[in-house]
Amino acid sequence: MNIDMNKFRGAFFEEAEEHLLTMEMTLIELEANPADPEPIQRIFRAAHSLKGASGTFGFTDIARL
């Protein structure tokens, strides 16, 4: 069964934008309270999700980053 991944590219870009926004806002939060480990975990989860989705869609440069 072949799945046309191009049908899902729009959803990927929307989700990627959300992950980047989460990372940006959480970095600002982390700057205000650097001793709190939760923001670092939130940033890691967003980056990990973005990495996995990037690999799925063949965006290997993003996945490697």
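# Ring pairs and salt bridges, in conversation

By the rule for charged side-chain contacts, the count comes to four salt bridges. The model is predicted, and the two speakers below walk through it together.

Colleague: Happy to start with the charges! Which salt bridge partner does E29 have, and at what N to O distance?

Modeller: A salt bridge needs a side-chain nitrogen of Lys or Arg within 4 Å of a carboxyl oxygen of Asp or Glu. The pair here links distant parts of the chain, from E29 in helix α1 to a residue in helix α2, 13 residues apart. The partner of E29 is R42, with N to O at 3.0 Å.

Colleague: Are E29 and R42 buried, exposed or partly exposed?

Modeller: Buried means under 20% relative accessible area and exposed means over 50%. E29 has a relative accessible area of 33%, while R42 has 25%. Both values lie in between, so E29 and R42 are partly exposed.

Colleague: Where does E38 come in, and which residue forms a salt bridge with it?

Modeller: E38 is partly exposed at 29% relative accessible area. The closest N and O atoms of its salt bridge are 3.1 Å apart. Its partner, at 44% relative accessibility, also counts as partly exposed. That partner is R45.

Colleague: Which residues are linked in a network of salt bridges?

Modeller: We have already met the bridge of E29 with R42 and the bridge of E38 with R45. These pairs belong to one network of salt bridges. Its members are E29, E38, R42 and R45.

Colleague: Now to helix α3: how far apart are D61 and R64 in helical turns?

Modeller: The side chains of D61 and R64 meet in a salt bridge, with N to O at 2.5 Å. Because D61 and R64 are three residues apart in helix α3, their separation is about one helical turn.

Colleague: And are D61 and R64 buried or exposed?

Modeller: The cut-off for exposed is over 50% relative accessible area. D61 has 56% and R64 has 66%. So D61 and R64 are both exposed.

Colleague: I62 sits in the same helix α3, residues 60–64. How far is I62 from P34 in space?

Modeller: I62 counts as partly exposed, at 41% relative accessibility. Along the sequence, I62 and P34 are 28 residues apart. In space, C-alpha to C-alpha, the separation is 27 Å.

Colleague: Let's turn to the rings. The whole structure has four aromatic pairs; are the planes of F12 and F57 stacked, edge-to-face or tilted?

Modeller: The ring centres of F12 and F57 are 5.1 Å apart, with the planes at 40 degrees. Planes under 30 degrees apart would count as stacked and over 60 as edge-to-face. The angle falls between those limits, so the pair of F12 and F57 is tilted.

Colleague: Which parts of the chain does that pair link, and how many residues apart are F12 and F57?

Modeller: F12 lies in helix α1, residues 9–32, and F57 in the loop between α2 (37–56) and α3. F12 is buried at 6% relative accessible area, and F57 counts as buried at 18%. Along the chain, F12 and F57 are 45 residues apart.

Colleague: What about the rings of F13 and F59: stacked, edge-to-face or tilted?

Modeller: Their centres are 5.8 Å apart and their planes are at 45 degrees, so the pair is tilted. This pair also links distant parts of the chain, with F13 in helix α1 and F59 in the loop between α2 and α3. F13 is partly exposed at 46%. In sequence, F13 and F59 are 46 residues apart.

Colleague: Which residues do the ring pairs link into a cluster?

Modeller: We have seen the pair of F12 with F57 and the pair of F13 with F59. Ring pairs join these residues into a cluster. The cluster is F12, F13, F57 and F59.

Colleague: One last stop: which residues form the negative surface patch?

Modeller: One of its members, E17, is found in helix α1. E17 is exposed, with 58% relative accessible area. The patch is formed by E14, E15, E17 and E18.

Colleague: And how far is E15 from A53?

Modeller: A53 is in helix α2 and is buried at 19% relative accessible area. A53 and E15 are 38 residues apart along the chain. Their C-alpha atoms are separated by 9.0 Å.

Notes: Residues are numbered from 1 along each chain as its sequence is written. This is a predicted model: local features need pLDDT of at least 70, side-chain atom pairs count only at pLDDT 80 or more; totals for chains, interfaces and linings use all residues. Side-chain values use heavy atoms; hydrogens and water are left out. Helices (H or I, at least four residues) and strands (E, at least two) are DSSP runs, numbered from the N terminus. Buried means under 20% relative accessible area, exposed over 50%, partly exposed in between (1.4 Å probe, protein chains only). Rings of Phe, Tyr and Trp (its six-membered ring) pair if their centres lie within 6.5 Å; planes under 30 degrees apart count as stacked, over 60 as edge-to-face and the rest as tilted. Patches are made of residues with over 30% relative accessible area and no salt bridge: like charges are joined within 9 Å, nonpolar side chains (Val, Leu, Ile, Met, Phe, Trp, Tyr) within 5 Å. Accessible areas come from the Shrake-Rupley method with a 1.4 Å probe; for residues, only the protein chains shown count as cover. Lys and Arg count as positive and Asp and Glu as negative; His and the chain ends are not counted. The place of a charge is taken as NZ of Lys, CZ of Arg, CG of Asp or CD of Glu.
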